[in-house]
Amino acid sequence: MTQHLLILGGTTEASALAHAVASNDLKATFSYAGRVANPKAQPIPTREGGFGGPQGLAAYIRNHNISHVIDATHPFAAQMSWNAFEACRATDTPLAALTRPAWTPVENDTWQLVPDIAHAVAILQGEAKRVMLALGRLHMNDFAVQPQHHYVLRLVDAPEETPALPNHTVVVARGPFDVDEDIALFKEHAVEVVVCKNAGGTGAAAKIQAARALGLPVIMIERPKLPARAELATPKAVLEWLTAHPATERGV
Ligand code: NAP
């Protein structure tokens, strides 16, 4: 079977892998969920949109003769990671994740760790604050039950519908972000607390460093449970893993 890599993307790390794969002339397809209006261009063929659950992904793997799957999705894209795990198991396809270590607090950081978004919402009960909500579009309206705060929403695209948060400012921007720019952003909007997911990696770390520099508290949402798979930290490690796992005829 010829090698044909499927990269599940949507992250800075996935884009770095696409460039490494292109420079090494490997056959690969990059997959986007299709949530963003103008996704970042990639140096390899790209497809967009859901596969239709684990069965849909298994069918895609078979129909496109995918030899390996690299799950380079965001650590909070747990549904996709579990789907990839199941589809690869069903089709006997080698799977590895390109992951990044979670961020950890350093001395003098004031982080409150919460297990999920619902807990982040609950912990915001109390006096009105100016809150940086760096969570993306999907869960911002969960914070409407704490309407006393002014929320600064950083989103990749301008929202099609007005957010359900009575007091908010939308900042349209796409990572990777810069720490000095994030410090300036937090000062400009007089941010008092930052709410974010523990994404790890470098592309989104600027907000953590900016909060650190300004002595701001962070409500840090911890990662969801992900399947057990080979976990690789760099594009180079993925290329080495591919060499160690040559494409084989698919089992039935
Ligand atoms: P999710 O909840 O894990 O996935 C929901 C569904 O979206 C999946 O079941 C799948 O649909 C589809 N999907 C997700 N990633 C896909 C991909 N790379 N290619 C094709 N279909 C995909 O995912 P999410 O949290 O909504 O994230 C969506 C995308 O945004 C991911 O690619 C992720 O890397 C990126 N992203 C997410 C976050 C975050 O905080 N969650 C942050 C930055 C970037 P089907 O079941 O129909 O196949």
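**Entry 1. The ligand shell**

I began with the surroundings of the ligand, where helix 3 gives the largest share of the shell, four residues. I note at the outset that this is a predicted model. I counted 24 residues around the ligand, and G9, S31, R35, F51 and K197 come nearest. I then sorted the shell by class and found nine nonpolar, twelve polar and three charged residues.

Next I looked up contacts to the protein backbone. A polar backbone atom of G52 lies 2.9 Å from an oxygen atom of the ligand. For A77, I read 3.1 Å between a polar backbone atom and a ligand oxygen. At Q79, a backbone N or O atom is 3.0 Å from an oxygen atom of the ligand. I also checked how far the ligand is covered: taken alone it exposes 810 Å², and the protein buries 77% of that. I asked which elements give two or more residues to the shell. They are strand 2, residues 28-32, and helix 3, residues 78-91.

**Entry 2. The sheet that contains strand 2**

I followed strand 2 into its sheet. This is an open sheet of six strands in the order 3-2-1-4-5-12, and I recorded parallel pairing. Strand 3 (46-48) and strand 12 (230-232) stand at the edges; each has a single partner strand, so one side of each is left without a neighbour in the sheet. I noted that neighbouring strands here are turned by 25 degrees against each other on average, direction ignored.

I took one pair from this sheet for a closer look. Strand 1 (residues 5-8) pairs with strand 4 (residues 68-71) in the parallel sense over four bridges. Within this pair I found L6 opposite V69 in strand 4.

**Entry 3. The sheet that contains strand 7**

I then turned to another open sheet, in which six strands follow the order 6-11-10-7-8-9, again with parallel pairing. Which strands form its edges? I identified strand 6 (111-114) and strand 9 (168-172), each of which pairs on one side only. The average turn between neighbouring strands of this sheet is 20 degrees, direction ignored.

Here I examined strand 7 (residues 130-134) and strand 8 (residues 150-155), which pair in the parallel sense over four bridges. I located M132 opposite V152 in strand 8.

**Entry 4. Backbone geometry**

I reminded myself that most residues other than glycine have a negative phi, and that most peptide bonds are trans. I therefore looked up departures from both habits. D25 has a positive phi of about 55 degrees although it is not a glycine. I placed D25 in the loop between helix 1 (12-23) and strand 2.

Where does a cis peptide bond occur? I found one joining G175 and P176, with omega at about 0 degrees. P176 lies in the loop between strand 9 and helix 5 (179-188).

**Entry 5. The whole protein**

I closed with the overall values. The secondary structure of the protein comes to seven helices and twelve strands. Along the principal axes, I noted that the C-alpha atoms fill a box of roughly 60 × 35 × 30 Å. I compared the radius of gyration of the protein, 20 Å, with the value near 18 Å for a compact globule of 252 residues, and the two agree.

How values were computed
Residues numbered from 1 in each chain as written. Predicted model: local features only at pLDDT ≥ 70, side-chain atom pairs only at ≥ 80, totals over all residues. Heavy atoms only, no water. Near = heavy atom within 4 Å. Polar contact = N/O pair within 3.5 Å; in protein donor to acceptor, adjacent residues only side chain to side chain. Areas by Shrake-Rupley, 256 points an atom, 1.4 Å probe, with all protein chains shown as cover. Nonpolar A, V, L, I, M, F, W, Y, C, P; charged D, E, K, R; others polar. Pairing = 2+ DSSP bridges. Axes fitted to C-alpha atoms, helices over the stretch in contact; angles between N-to-C directions. Rg over C-alpha atoms; globule rule 2.2 N^0.38 Å.
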